[in-house]
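Here is a short briefing on one protein chain. Keep the sequence and the model side by side as you read.

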Amino acid sequence: MVAIWKTKSSNTKETLINEIIAHVLGGGFGSRFMDFREKYGYAYTVRADTMTFDLNEPSLMFCYTALNKNNIEKTKELIVEKLNDLDKGITQKEFNHAKAFLTSDFKKAFRCCEDANSFKLDQYAVHDTIDKDVIIDTLNSIDLNDVNEFIKDMCRDMKIGFIVVEQSE
């Protein structure tokens with residue numbers, strides 16, 4: 001199942017803020033959506049990410065969950081609940097963890113530039129640059145207040161869509 005909602009990304013800074021939010025929501029164990037697995041046992045795989053396609057189009061943020069069909073409705077409710085709670089902002093600890101992860105990830109991406117990382121880097125070319133130093137400097141310039149103000153704007157009138165693909169029996 002995929003939950004998807006719009007966000008904005010008109011420059012590299014906003015794209016990086018989306019990356020921070022996606023990591024806080026579904027960036028692995030300890031992330032907010034990982035409760036679907038760790039606390040409730042509804043899903044095995046849980047991941048959040050963001051996609052930017054064109055400067056003049058909205059960006060998308062999404063949560064992917066691999067789950068048993070019996071848990072679809074309960075998981076939808078939890079996603080909506082977690083996203084409603086997001087408008088209160090993220091914590092300093094969540095912010096620090098996400099920035100450290102992204103800094104490491106981008107340094108690795110520029111060293112290796114594997115296909116999986118190339119798509120991510122292409123999103124930055126939509127806006128300003130794919131220059132490693134500029135991206136890392138921009139990431140370092142973002143503070144918790146920047147992210148929480150962005151979240152307030154993103155959560156205002158948020159509409160969440162769901163795509164469910166069931167495996168045939």
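Start with Thr65, which lies in strand β3. The model you see is predicted. With a relative accessibility of 0%, Thr65 is buried, because the cut-off for buried is under 20%. Its contacts, leaving aside neighbours within four places in sequence, are Met1, Phe36, Ala43, Thr45, Val46 and Thr75.

**The strands around Thr65**

- Strand β3 covers residues 59–67, and strand β1 covers residues 2–7.
- β1 and β3 run antiparallel and pair over six bridges.
- One residue to find here is Trp5, whose bridge partner in β3 is Met61.
- Strand β2 spans residues 43–51 and also pairs with β3 in the antiparallel sense, over eight bridges.
- Look for Met51, which stands opposite Leu60 in β3.

**The chain as a whole**

- The protein chain has seven helices and four strands.
- Along the sequence, the order of these elements is β-α-α-β-β-α-α-α-α-α-β.
- The chain has 169 residues, and 44% of them count as buried.
- Take the contacts in the chain with a separation of 6 or more: 74% of them join residues 24 or more positions apart.
- The accessible surface of the chain is about 9,200 Å².
- Carbon and sulfur atoms make up 48% of that surface.

**Aromatic rings**

- How many aromatic pairs does a search of the whole structure find? The search finds two.
- One pair joins Phe33 and Phe36, with 5.3 Å from centre to centre and 25° between the planes. This pair is stacked.
- Both Phe33 and Phe36 are buried.
- Tyr40 and Tyr42 also form a pair, with ring centres 5.4 Å apart. Their planes meet at 25°, so this pair counts as stacked too.
- Is Tyr42 buried or exposed? Tyr42 is buried, because its relative accessibility is 18% and the cut-off is under 20%.
- Tyr40 has a relative accessible area of 33%, so it counts as partly exposed.
- A charged residue also meets a ring: Arg37 lies over the face of Tyr44, at 4.1 Å from the ring centre.

**The nonpolar core**

- The largest nonpolar core holds 39 residues.
- Which residues touch the most other members of this core? They are Ile21 and Phe33.
- Several elements give two or more residues to this core: β1, α1, β2, β3, α3 (72–86), α4 (92–112), α6 (132–141) and α7 (144–155).
- Helix α1 gives the largest share, with seven residues.
- Trace the contacts of Ile21 in the model: Ile21 touches Met61, Leu86, Val147, Phe150, Ile151 and Met154, not counting residues up to four places away in sequence.

**A charged residue in helix α1**

- Helix α1 runs over residues 12–26 and includes Glu14.
- Why does Glu14 count as buried? Its relative accessible area is 13%, so it falls under the 20% cut-off.
- Leaving aside neighbours within four places in sequence, Glu14 is in contact with Lys8, Ser9 and Phe150.
- Phe150 is a useful residue to pick out, since Ile21 touches Phe150 and Glu14 is in contact with Phe150 as well.

Key
Residues are numbered from 1 along each chain as its sequence is written. This is a predicted model: local features need pLDDT of at least 70, side-chain atom pairs count only at pLDDT 80 or more; totals for chains, interfaces and linings use all residues. Side-chain values use heavy atoms; hydrogens and water are left out. Buried means under 20% relative accessible area, exposed over 50%, partly exposed in between (1.4 Å probe, protein chains only). Contact means heavy atoms within 4.5 Å. Accessible areas come from the Shrake-Rupley method with a 1.4 Å probe; for residues, only the protein chains shown count as cover. Two strands pair if DSSP finds at least two bridges between them. Rings of Phe, Tyr and Trp (its six-membered ring) pair if their centres lie within 6.5 Å; planes under 30 degrees apart count as stacked, over 60 as edge-to-face and the rest as tilted. A charge sits over a ring if NZ of Lys or CZ of Arg is within 6 Å of the ring centre and within 35 degrees of the ring normal. A nonpolar core is a set of buried Ala, Val, Leu, Ile, Met, Phe, Trp, Tyr and Cys residues joined through side-chain atoms within 4.5 Å.
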